[in-house]
Amino acid sequence: MKLEGSHDISAPRQKVWEAFLDPEVLRQALPGCERLEAMGDDEYKATMKIGVAAVKGTFDGKVKLSDKTPPESYRMTVEGSGGPGFVRGSALISLSDIESGTRVSYSADVQVGGLIAGVGQRMLGGVTKMMADKFFGKMGELLHTAA
Amino acid sequence: MKPASFEYVRPGSLDEALDVLHERGDDAKVLAGGQSLVPMMNFRLARPAVLVDLNGLGDLAYIRPANGGLALGAMTRQRTIEKSAVVRERAPLLAEATPLIGHVPIRTRGTIGGSLVHADPAAEYPVVMVALDAEFTLARKGGTRRVAAADFFDTYLSTTIGPDEILTEIRMPSVAPRAAVAFVEISRRHGDFALVAAGTVVDVDGGGRIAEARIALGGVGPRPVRARTAERMLVGQRPTAALLAEAAASVMPDTDPPEDIHASAEYRREMSAVFTRRALTAALAKLGVQL
């Protein structure tokens, strides 16, 4: 599943760059993230409780950041599995200056498998997009309060 | 396919059910007709610790005229609604949408309240409620509140109902006696969830101008969409094919459709215009207006 989009955040690019690489900020912004621990260089262990209505599951996984070109772009690779299935994906995140602050664009390729993909297929795309929106919305909010 | 183990409670009264939810709401799930919840439990996607079965609450199943409109108990079966003469007379859009839900065995068990609280973005009833500005009564231990349909649906399978609340009644306001309705949808097979669904109410005054237009769409975003721009374009105008095409095209920016193996987002967006036009045309035809 391909996922593309962009969000505008009213903060300077350097600030946005730092926030997007700050595990504590990420933990607060990732929907359902209960734990995000550094495992080494740009690698994190995460526990996320993700769900919609009665369909809920706890996912354990790894997040890895690579190809960093500050303050322009980086790649985020995610791998996780839990009761309802597994998620694997890679996203290229790019930052650019706009008049009101910074535009964060993402282009991701996500694979979801297991139960949730088979049975929840009809809503998977929409829910994934909704979670991405939630994440970027929260990042904008956190950056706004910090500024 | 067997569900994960759960505790089963079958309350004999609404108060008893609300007591259970008051204490264990976060771990509990309410069972109405079970046509979505039970398969989800059998697939183990949903694993509630407690299942609160409302099927013992016979007094939550009724259809009554109220203030020119209609009041329905949340446990009223869809099949009962489908066969009801008073529903056809007072809430024709509800009557027209009902046969499109699943299949007869599903409607025989499925309830109106269950469908609304489940809030599938492609389900028929949420579209009807948003089109008609229906109002819901939510009960919790020690009180009730009323919520407009527009404020009830939140996102995919999510509503603003609290974990300790039960939807008890649906109120449909009266519609102009002359108004005509149409509910149309496109799905891969009959009984499947709609790719796009459109419900409309149209009234034409004595001078041949559109006096009222209501348009709601399903399947095109996380919750039902009310096409206000299109409604405003229609009211006060004489219905023509060009006007309908223009109004129908205006719904597309209001949609945010998902993409899956059944249809692309572009296709769904395109169909939201096509089915708006078809629904309006069908409703106008019932008023004797041929375009």
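Questions and replies on a predicted model follow.

Residues are numbered from 1 along each chain as its sequence is written, and chains are lettered from A and ligands numbered from 1 in the order in which they are written. In this predicted model, local features need pLDDT of at least 70 and side-chain atom pairs count only at pLDDT 80 or more, while totals for chains, interfaces and linings use all residues.

Me: What is the mean pLDDT of chain B?
Reply: pLDDT is the predictor's confidence in each residue, from 0 to 100. In chain B, 100% of the residues reach 70 or more, and the mean is 95.

Me: Which helix of chain A has the lowest mean pLDDT among the elements of that chain?
Reply: Helices (H or I, at least four residues) and strands (E, at least two) are DSSP runs, numbered from the N terminus. In chain A the highest mean, 94, belongs to helix α1 (residues 13–20), and the lowest, 79, to helix α3 (residues 115–119).

Me: Where around the axis of α1(B) do the buried residues lie?
Reply: A residue is buried if 20 or more other C-beta atoms lie within 10 Å of its own, exposed if 12 or fewer, and partly exposed in between, with C-beta atoms placed from the backbone. In helix α1 (residues 14–24) of chain B, the buried residues include A17(B), L18(B) and L21(B). They cover an arc (taken from the directions from the helix axis to the C-beta atoms) of only 95°, which puts them on the same side of α1(B).

Me: How many residues of helix α8 of chain B are buried?
Reply: Helix α8 spans residues 124–132 of chain B and is mostly covered. Among its buried residues are Y125(B), V128(B) and L132(B). The buried count is nine of its nine residues.

Me: Which residues have the most contacts inside the largest nonpolar core?
Reply: A nonpolar core is a set of buried Ala, Val, Leu, Ile, Met, Phe, Trp, Tyr and Cys residues joined through C-beta atoms within 7 Å. The largest one has 121 residues, and those with the most contacts inside it are L93(B), V202(B) and L217(B).

Me: Which residues of α8(B) does L93(B) contact?
Reply: Two residues are in contact if their C-beta atoms, placed from the backbone, lie within 7 Å. Leaving aside neighbours within four places in sequence, the contacts of L93(B) include F183(B) and V201(B). Those that belong to the buried residues of α8(B) are V128(B), A131(B) and L132(B).
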